[in-house]
Amino acid sequence: MNAKHTLLIMLLFVWSTYAAPQSKLEAKTINICVDETEYPPLNYFIRLDGHKTSVNAGFDIELLRLVLPTSWQVNLVAAPWPRCLLEVEQGRLDAAMAASANDERRATFLLSRPYFHLSPSVAFLQERFRGLEVTGLPRRLDTLGRVCGIRGFNYAYYGQPADLDIARSNEILQFSDLLLKRRCEFFLINREVYSAILRLEGLESLADRLAILPMAGGIKVPFYMLVSRRSPHAQALLSEFNRGVDNLEQSGDLARLWTRFTSGQGGKTNP
């Protein structure tokens, strides 16, 4: 395994600095995985003057700080998404953030309550397919050209046939380059992620050339934290996370937090 793909790249925070001695003895160490490539507005690096820093931010980061007990030591771990899932399945990591559900994942992992929703969509160059906004998407996108997506992602909820031919990329931030260079005709991407990437990269002007259309009838898809069935902290983690999200939802703070990371506040620095 090369250095880039080393799993335990600790990005952020260690809590429990001020815990009492007894609390320290009882503290749980929780290792939670995120995709090592940026996936705004959930997980990304702050930009300053257009340059990427090493400071990680995003909705998932803030949410974990708010909902998990301060007596726990929480390590945020970055890894390629397929490896995230494998390490959580095998119990070497406790959980992974921001995952959609399917039958396989429900059988393999414990799922938290849903904590945000995304809109399955497809991006393409307007100049290539101007009529699609009028006629609508075909039953199979791959009859019109090359369809691209991200390796390891679940696209079952996009409303296309299960055998849809999808060329898989490692980096979602490349989606606009792939479309502009005609390496892909279509890119499967959630609308909220599409908008956050354009803001993060300072590419808002591309919206004049790109089109994005809803898929699967315009539904919004729930996303979850996946918890390892082999984690010794599985039930405690699920309980604390779900309770924390419930409390944030009831107070209105969950919606406000989501709006903060999806409304473009902070311009190019903060999606």
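Contact here means heavy atoms within 4.5 Å of each other. Keep that in mind for the exercises below. The structure is a predicted model, in which local features need pLDDT of at least 70 and side-chain atom pairs count only at pLDDT 80 or more, while totals for chains, interfaces and linings use all residues. Residues are numbered from 1 along each chain as its sequence is written, and side-chain values use heavy atoms, with hydrogens and water left out.

**Exercise 1. Describe how helices α2 and α8 pack, and list the residues that meet.**

Step 1. Find the helices: α2 covers residues 59–67 and α8 covers residues 234–251. Helices (H or I, at least four residues) and strands (E, at least two) are DSSP runs, numbered from the N terminus.

Step 2. Two packed helices are described by the angle between their axes and the distance between the axes. For α2 and α8 the angle is about 100 degrees and the axes are 9 Å apart. Axes are lines fitted to C-alpha atoms, for helices over the stretch in contact, and angles run from 0 to 180 degrees between N-to-C directions.

Step 3. Angles of 65 to 115 degrees count as roughly perpendicular (under 35 is roughly parallel, over 145 roughly antiparallel, and the rest oblique). α2 and α8 are therefore roughly perpendicular to each other.

Step 4. On the α2 side, look for Leu-63, Leu-64, Leu-66 and Val-67; they meet Glu-240, Phe-241, Gly-244, Val-245 and Leu-248 in α8.

**Exercise 2. Find the salt bridges within helices α2 and α8, and say how accessible their residues are.**

Step 1. Side chains of opposite charge can pair when their charged atoms come close. A salt bridge is a side-chain nitrogen of Lys or Arg within 4 Å of a carboxyl oxygen of Asp or Glu.

Step 2. In α2, Arg-65 pairs with Glu-62, and their closest N and O atoms are 3.1 Å apart. The two residues lie 3 residues apart, about one turn of the helix.

Step 3. For accessibility, buried means under 20% relative accessible area, exposed over 50%, and partly exposed in between (1.4 Å probe, protein chains only). Glu-62 has 19% relative accessibility, so Glu-62 counts as buried. Arg-65 has 38%, so Arg-65 counts as partly exposed.

Step 4. In α8, Glu-240 and Arg-243 form a salt bridge (3.1 Å, N to O), and these two also sit 3 residues apart, about one turn of the helix. Glu-240 is partly exposed because its relative accessible area is 25%. Arg-243, at 42%, also counts as partly exposed.

**Exercise 3. Work out what surrounds Asp-60.**

Step 1. Asp-60 lies in helix α2.

Step 2. Asp-60 is buried yet has no salt bridge; Arg-105, the nearest side chain of opposite charge, is 12 Å away. For charge, Lys and Arg count as positive and Asp and Glu as negative, while His and the chain ends are not counted.

Step 3. Not counting residues up to four places away in sequence, Asp-60 touches Leu-42, Met-97, Ala-98, Tyr-115 and Phe-116.

**Exercise 4. Locate Ile-219 and list its contacts.**

Step 1. Go to the loop between β13 (210–214) and β14 (221–228), where Ile-219 is found.

Step 2. Ile-219 has a relative accessible area of 39%, so Ile-219 is partly exposed.

Step 3. Neighbours within four places in sequence aside, Ile-219 contacts Leu-118, Ser-119, Pro-120 and Tyr-157. Ser-119 is 100 residues from Ile-219 in sequence, but their C-alpha atoms are 6.3 Å apart in space.
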